[in-house]
Amino acid sequence: MICQGEDVYQEDLKEMWKQCFPADSESFIRFYFDEIYRKEEALVFLENEKPAAFLHIIPYQIKTGDGMHHGGYLSGVMTHPNHRKKGYMEKLLSASFERMQTKGYDYVILIPQEEWLLRFYAKYGFRTLRSPSPSASPSQPSVFSSSFSILRSPSSIYPLYLRFIEKKENTVVKTEQQFALIFRDFLSEQGVAFASEEGMAFTLKKESRIVLKEIFYTYDAVRSELLTTIRNYYHLDEIVFPNENKGMIKCLNPSVPNISNLYMGMMLD
């Protein structure tokens, strides 16, 4: 039986999450269910009145070349290890598509966490997204100033973030509230955000490497200077760059264009 994610199921869902996503910390799971989770956007498959499979639809705006569209991001898609290969997830996915179409969503997106899931989701009409074209301008001024500051307030960084995002042809656009929640989780992982009017980057330190979660820049020279600033800050050389080919998309509305590339950025991956 499929039902909405009522509060009574939360503890069971948290335990299932730990089994399905063991790399996620207790603090992240707590953050997710306290701040991101909305029971009216969750679907649960019950067996013997206990959650056996689950998914959560997070609403986002998706900007394309022809305008703005409603989209849903599938998050926390999981089946309890004891209930796999019973077809429960297929039923949940079908129910989620119907729900989003009823609400007028044009697209549904997700980020598979393992390679084999690309084939799994392809069976349900999802297509793998390719990397968007570079955002940097092909030419640059002879003189520019790109002194980068470290920003820790989402309200101070969101307008600049939005300005860079809106330059992309096809992109997920987060509201200020959505950005603030993601940024707060980013800071809880000791993330550092570097920003100027011409470039910005979100970074984490993982052991002896720098993980670059997201980067924007107006010119290639700004990118080089930004990366140098990051390396000097951490006193490390190795940078792990974001994988832009990780997303998948399904069109729910035949009257809107099919998208082959879409910038997602700092999603809850």
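**Aromatic pairs.** Begin with the rings of phenylalanine, tyrosine and tryptophan: a search of this whole structure, which is a predicted model, finds 29 aromatic pairs. A pair of aromatic rings is described by the distance of the centres and the angle of the planes.

**Stop 1: tryptophan 17 and phenylalanine 21.** Select these two residues and display their side chains. The ring centres of tryptophan 17 and phenylalanine 21 are 5.1 Å apart. Their planes meet at 65°, and because an angle over 60 degrees counts as edge-to-face, the pair receives that name. Is tryptophan 17 buried or exposed? Its relative accessibility is 3%, so tryptophan 17 counts as buried.

**Stop 2: phenylalanine 28 and tyrosine 32.** Select this pair next. The centres of the two rings are 6.1 Å apart and the planes stand at 50°, so the pair is tilted. Both residues belong to helix 2, which covers residues 26-36. Four residues separate them, about one turn of the helix. Phenylalanine 28 and tyrosine 32 are both buried.

**Stop 3: the surroundings of helix 2.** Now select the whole of helix 2. Which of its residues are buried? They are Phe28, Ile29, Phe31, Tyr32, Phe33 and Ile36. To see what covers these buried residues, add helix 1 (10-20) and helix 6 (176-188) to the selection, together with strand 3 (50-64) and strand 4 (67-79); these elements are included in the cover.

**Stop 4: an aromatic cluster.** Move on to Tyr158, Tyr161, Phe164, Phe179, Phe183, Phe186, Phe202, Phe216 and Tyr263, which form one aromatic cluster. Two members of the cluster also have a charged side chain over the ring. Add arginine 163: its charged end sits over the ring of phenylalanine 164, at 5.9 Å from the centre. Then add lysine 168, which lies over the face of tyrosine 263, 4.4 Å from the ring centre.

**Stop 5: the whole chain.** Finally, return to the full view and colour the chain by secondary structure. The chain contains seven helices and 13 strands. Its C-alpha trace spans about 65 × 45 × 30 Å along the principal axes. The radius of gyration is 20 Å, which agrees with the value near 18 Å that a compact globule of 269 residues would have. Buried residues account for 50% of the 269 residues. How much area does the chain expose? The exposed area is about 13,500 Å², of which carbon and sulfur atoms supply 48%. Among contacts between residues at least 6 apart in sequence, 71% join residues at least 24 apart.

Conventions: Residues numbered from 1 in each chain as written. Predicted model: local features only at pLDDT ≥ 70, side-chain atom pairs only at ≥ 80, totals over all residues. Heavy atoms only, no water. Phe/Tyr/Trp six-rings, centres within 6.5 Å; stacked < 30°, edge-to-face > 60°. Buried < 20%, exposed > 50% of the residue type's maximum accessible area, 1.4 Å probe, protein only. Helix = DSSP H or I, 4+ residues; strand = E, 2+ residues; numbered from the N terminus. Lys NZ or Arg CZ within 6 Å of the ring centre and 35° of its normal. Rg over C-alpha atoms; globule rule 2.2 N^0.38 Å. Contact = heavy atoms within 4.5 Å. Areas by Shrake-Rupley, 256 points an atom, 1.4 Å probe, with all protein chains shown as cover.
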